[in-house]
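Visitor: I'd like a close look at a single part of this protein, and then a walk outward from there. Could you take me through it at an easy pace?

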Amino acid sequence: MAAGVPPDALGRRVSCGADYGTVRYVGSVSGTAGIWLGVEWDDPQRGKHDGSYEGTQYFKCRHDKGGSFIRPNKANFGVDFLTAVKDRYGLNDKQDAQYGTGNTVVFGTKTVEFVGMDSVAEQQRQLNKLVDISVRECAVSHAGQEEEISRTCANMRHINLSKNLISSWETIIAIASQVQNLETLNVSENKMRFPSTSTFTSSAFPNLKILALNQTEITWTEVLLCAQGWPVLEELYLSSNNITVLERPDNVLQTLKLLDLSDNPLLDGNQLHLIAQLPRLEQLILRNTGISSIHFPDAEFGYKTKMFPLLKRIAINDNKISQWSSINELDKLPSLRALQCSNNPFMDTEKNPETLIQLIIAKISQLEVLNNCEILPAERRGAELDYRKIFGKDWLEAGGHWNPEKNKPSEEFLAAHPRYPTLCLKYGAPEEGELKGQQPLTLKNQLLTLTIKCPEKPEQKPVEKKLPESMTIQKVKGLLYRLLKIPGSELKLSYESSKLEGKEVELDNDLKPLQFYSIESGDCVLVRW
């Protein structure tokens with residue numbers, strides 16, 4: 001092998017300036033002198049050809065112009081782990097202490113801080129006590145001499161190895177096996193080779209709880225093989241790996257609480273059934289996976305699925321879900337509390353964003369957080385009452401009736417609105433008067449001019465508002481929440497009139513309009529909470 005070219009160069013990761021690639025060929029090129037490296041670049045625009053030169057194919061690339069030849073002295077094959085640590089934290093003579101500053105790395109939604117030491121001398125004394133280490137983009141390519149890491153800094157718990165020159169999972173094992181208390185590991189943005197046979201086993205990660213493998217080109221099959229060595233893993237980040245097919249995890253990932261599959265082209269929502277029995281999974285991130293529907297066939301509407309028994313949070317934003325039936329399905333998840341679902345086609349079916357939010361809230365009974373916003377009890381009550389009213393006419397036309405003996409809504413209606421019977425039990429069936437379309441407000445005498453006061457906040461000046469007499473108490477409360485910026489609590493409304501001389505009348509039925517209480521212009525609405 002030529003000088004400067006490692007004996008195992010073929011398949012190794014290299015960098016050249018700011019560009020990263022994989023060595024696919026080492027040798028001579030016809031018509032030229034000396035040794036060349038044929039490199040397939042991560043960024044195809046960096047290349048010039050597909051691995052062929054003047055009619056000879058020297059290596060193959062995924063992209064037509066993803067490859068090029070470079071001289072060995074232009075390629076950086078990287079350094080060992082400990083050298084990178086010393087360089088990063090200013091322990092080598094050529095370094096100064098400027099690298100000893102803090103740095104952070106994000107695992108999904110969790111930020112872990114990696115902290116340097118105050119001076120080179122202090123770092124030298126404390127190297128073996130370093131707990132959090134970041135060597136991101138430090139050209140780490142191999143573990144170094146055997147047992148050197150364990151002798152020098154074996155107390156590390158959190159390591160960021162992202163965007164380096166690591167070529168195989170074996171290198172990660174060689175490093176981790178010397179760090180017995182390792183809890184957090186980020187090896188994202190390293191295009192690695194992973195084990196592909198079931199004979200593979202490793203005991204290098206006995207305490208690992210958080211692992212990030214984003215942009216590593218790992219397949220789900222390889223995940224399951226490696227997972228035999230992650231006995232206590234709780235969080236696994238696998239975004240942007242071109243994973244298309246899932247398999248059932250048998251006796252692995254049984255401790256997993258969070259799984260991030262975002263930016264993988266799963267496409268088929270039924271693939272989720274294969275991971276539905278993960279017994280401790282609480283959070284599932286499926287952002288931008290191309291799924292168009294979600295279905296839990298083991299449970300009928302009104303019943304809970306046995307799939308994902310502990311799942312509390314699910315993110316399905318930036319997908320192709322076009323039907324409201326998938327939102328209905330989410331109500332079958334027994335533990336669901338938080339949902340992210342923005343940027344899906346089904347949201348385009350409703351132009352009013354407030355109504356859209358109400359529909360989602362009403363359809364999923366246990367939801368507490370929607371698109372990162374807390375759902376207040378009053379907001380849920382309002383959403384469910386409005387849902388019951390909006391689809392009341394459809395309910396009647398489909399065979400719904402106030403008399404329980406005559407109430408036989410069609411299967412089609414129940415499939416589209418599975419929670420509607422529950423809402424009727426909760427709030428009563430909608431009355432005919434509620435379902436009549438509101439008349440347009442064309443006459444001034446249909447608007448009431450009312451003074452709004454807060455007795456519990458005397459410093460707040462009374463506000464005058466014009467409200468339609470047909471406005472329900474529930475709608476008035478919703479308006480007052482926004483107008484008065486009242487924190488989440490149940491509002492209590494009453495009103496005073498000059499005609500009643502000192503008497504307060506409670507506005508105690510959310511479904512009734514203002515006119516039901518004989519309220520008139522000039523009266524004063526009192527707001528308490």
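Visitor: To pick a starting point: where is Phe 308 found?

Guide: Phe 308 is found in the loop between strand 17 and strand 18. Before we dig in, keep in mind that this is a predicted model. Its mean pLDDT is 87, and 89% of the residues reach 70 or more. There are two stretches to treat with care. Over residues 93-102 the pLDDT is below 50, though the model still gives this stretch 17 contacts beyond near neighbours in sequence. Residues 438-445 also stay under 50, with 7 contacts beyond four places in sequence.

Back to your loop. Phe 308 has a positive phi, about 45°, although it is not a glycine. It is also tucked away from the surface: Phe 308 counts as buried because its relative accessibility is 2%, and the cut-off for buried is under 20%. The loop holds another residue of interest, Asn 288, which lies between strand 17 (283-285) and strand 18 (313-315). Asn 288 is not a glycine either, and its phi is positive at about 55°. Its surroundings read another way, though: with a relative accessible area of 38%, Asn 288 is partly exposed. So that one loop gives you a positive phi on a buried Phe 308 and a positive phi on a partly exposed Asn 288.

Now step back for the setting. The protein has 529 residues, of which 48% count as buried. It is built with 13 helices and 26 strands. Take the contacts with a separation of 6 or more: residues 24 or more positions apart account for 66% of them.

For a strand residue with plenty of partners, go to Leu 37 in strand 3. Leu 37 has 0% relative accessibility, so it counts as buried. Not counting residues up to four places away in sequence, Leu 37 touches Val 5, Val 23, Tyr 25 and Val 26, and also Ser 68, Phe 69, Ile 70, Pro 72, Ala 75 and Phe 77. Its C-alpha atom is separated by 9.8 Å from that of Asn 73, 36 residues apart along the chain.

Just ahead of strand 3 comes Gly 34, in the loop between strand 2 (19-27) and strand 3 (36-41). Gly 34 is partly exposed, at a relative accessible area of 46%. Leaving aside neighbours within four places in sequence, its contacts are Gly 27, Ser 28 and Arg 71. Arg 71 is 37 residues apart from Gly 34 along the chain, yet their C-alpha atoms are separated by 8.6 Å.

Another strand residue to look at is Glu 506, found in strand 25 (residues 504-506). With 57% relative accessibility, Glu 506 counts as exposed. It still has partners beyond four places in sequence: Leu 493, Ser 494 and Tyr 517. The C-alpha atoms of Glu 506 and Ser 494 are separated by 4.1 Å, with their positions 12 residues apart along the chain.

On to the helices. The axes of helix 7 (residues 353-363) and helix 8 come within 8 Å and cross at roughly 95°. That angle makes the two helices roughly perpendicular. On the helix 7 side, the contact is made by Thr 355, Ile 357, Gln 358, Leu 359, Ile 361, Ala 362 and Lys 363. Helix 8 brings Glu 379, Arg 380, Gly 382, Ala 383, Glu 384, Asp 386, Tyr 387 and Ile 390. By class, that contact has 7 nonpolar, 3 polar and 5 charged residues.

Helix 8 turns up again when you look at helix 11. In helix 11 (residues 420-427), the buried residues are Tyr 420, Leu 423, Cys 424 and Tyr 427. They cover an arc of only 105° around the axis, so they sit on the same side of helix 11. The general background is simple: an α-helix has 3.6 residues a turn, so residues three or four places apart point the same way. The buried residues of helix 11 pack against helix 8 (377-390), helix 9 (392-397) and helix 10 (411-416). After helix 11 comes Gly 428, whose phi is positive, near 90°. That brings us back to the backbone feature we began with, the positive phi of Phe 308.

Conventions
Residues numbered from 1 in each chain as written. Predicted model: local features only at pLDDT ≥ 70, side-chain atom pairs only at ≥ 80, totals over all residues. Heavy atoms only, no water. Helix = DSSP H or I, 4+ residues; strand = E, 2+ residues; numbered from the N terminus. Buried < 20%, exposed > 50% of the residue type's maximum accessible area, 1.4 Å probe, protein only. Contact = heavy atoms within 4.5 Å. Arc of directions from axis to C-beta. Axes fitted to C-alpha atoms, helices over the stretch in contact; angles between N-to-C directions. Parallel < 35°, antiparallel > 145°, perpendicular 65-115°, else oblique. Nonpolar A, V, L, I, M, F, W, Y, C, P; charged D, E, K, R; others polar. pLDDT = per-residue confidence, 0-100.
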